[in-house]
Amino acid sequence: MIGLLVTGHANFGSGLTSSLNLIAGEQECYQYVDFLPEYNLEDLSREMTKAMDALKDCEGILVFSDLLGGTPFRTAVEVGFPRGNVNVIAGTNLPMLAEIAMERKFEDDLEALTQSAMETGKEQVVRYEFTKVEQQESEDGI
């Protein structure tokens, strides 16, 4: 199974994890790392390393981060790249995470799962369009 790691600023990782667990149940092969205000780069790197070590027996690791180029994103790349078989994506949203948490039960190819995550993330950003419905009078009175 592909391991999942969610990271981001403040409580991004734990917050998304809480929502995911409510929707899809407790996850196996899953870690999160929050970048808390009291953390420095060494703290974040240490926590990221521990999380990836916990997923070392997985067939790969897909890291979900909040902001492209942000400290959690960069740290995930720096810690993950030397390990190989680690992909890091940015712009994570809950629909993307929920879809992949379920899809990875049937998909063990890291590249395919990464591509699916990015497609789902894009598809789930939508705008609801309000349309005005004109009320019609009925001859029946209702």
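These are my notebook entries on the salt bridges, the nonpolar cores and one helix residue of a predicted model.

**Entry 1, salt bridges**

I began with the charged side chains and searched the whole structure, which gave 6 salt bridges. One of them joins the side chains of Arg46 and Glu47, with 3.3 Å from N to O. I then followed this pair outwards and found that Arg46 and Glu47 belong to a network of salt bridges that also takes in Asp43 and Lys50. For the setting of Arg46 I looked up its relative accessible area, which is 41%, and I noted the residue as partly exposed because this value lies between the 20% and 50% limits.

Next I turned to Lys56 and Asp57, whose side chains meet in a salt bridge at 3.9 Å, N to O. Both Asp57 and Lys56 are exposed.

I also looked up the pair formed by Arg127 and Glu129, a salt bridge in which the closest N and O atoms are 3.5 Å apart. Are its two partners exposed or partly exposed? Arg127 has a relative accessible area of 68% and is therefore exposed, the cut-off being over 50%, whereas Glu129, at 48%, counts as partly exposed.

**Entry 2, nonpolar cores**

I moved on to the buried nonpolar residues, where the largest core has 17 residues, and I wrote down Leu4, Leu62, Phe64, Leu97, Ile100 and Ala117 as those with the most contacts inside it. Asking which elements give two or more residues to this core, I listed strand 1 (3-9) and strand 3 (61-65), together with helix 1 (12-24), helix 4 (94-103) and helix 5 (110-123). Helix 4 supplies the largest share, 5 residues.

I took Leu97 for a further look and, leaving out residues up to four places away in sequence, found that Leu97 touches Leu4, Val6, Leu16, Leu20, Tyr30 and Phe64. Apart from this core lies another one, of 14 residues, and I noted Leu5, Ala51, Val79 and Val86 among them.

**Entry 3, Ser116**

Last, I looked up Ser116, which has its place in helix 5. Is Ser116 buried or exposed? Its relative accessible area is 14%, and I recorded Ser116 as buried because this is under 20%. Setting aside neighbours within four places in sequence, I found Ser116 in contact with Ile100 and Glu103. I also checked Ser116 against Met48, a residue 68 places away along the chain, and the C-alpha atoms of the two are separated by 24 Å.

Terms used
Residues are numbered from 1 along each chain as its sequence is written. This is a predicted model: local features need pLDDT of at least 70, side-chain atom pairs count only at pLDDT 80 or more; totals for chains, interfaces and linings use all residues. Side-chain values use heavy atoms; hydrogens and water are left out. A salt bridge is a side-chain nitrogen of Lys or Arg within 4 Å of a carboxyl oxygen of Asp or Glu. Buried means under 20% relative accessible area, exposed over 50%, partly exposed in between (1.4 Å probe, protein chains only). A nonpolar core is a set of buried Ala, Val, Leu, Ile, Met, Phe, Trp, Tyr and Cys residues joined through side-chain atoms within 4.5 Å. Helices (H or I, at least four residues) and strands (E, at least two) are DSSP runs, numbered from the N terminus. Contact means heavy atoms within 4.5 Å.
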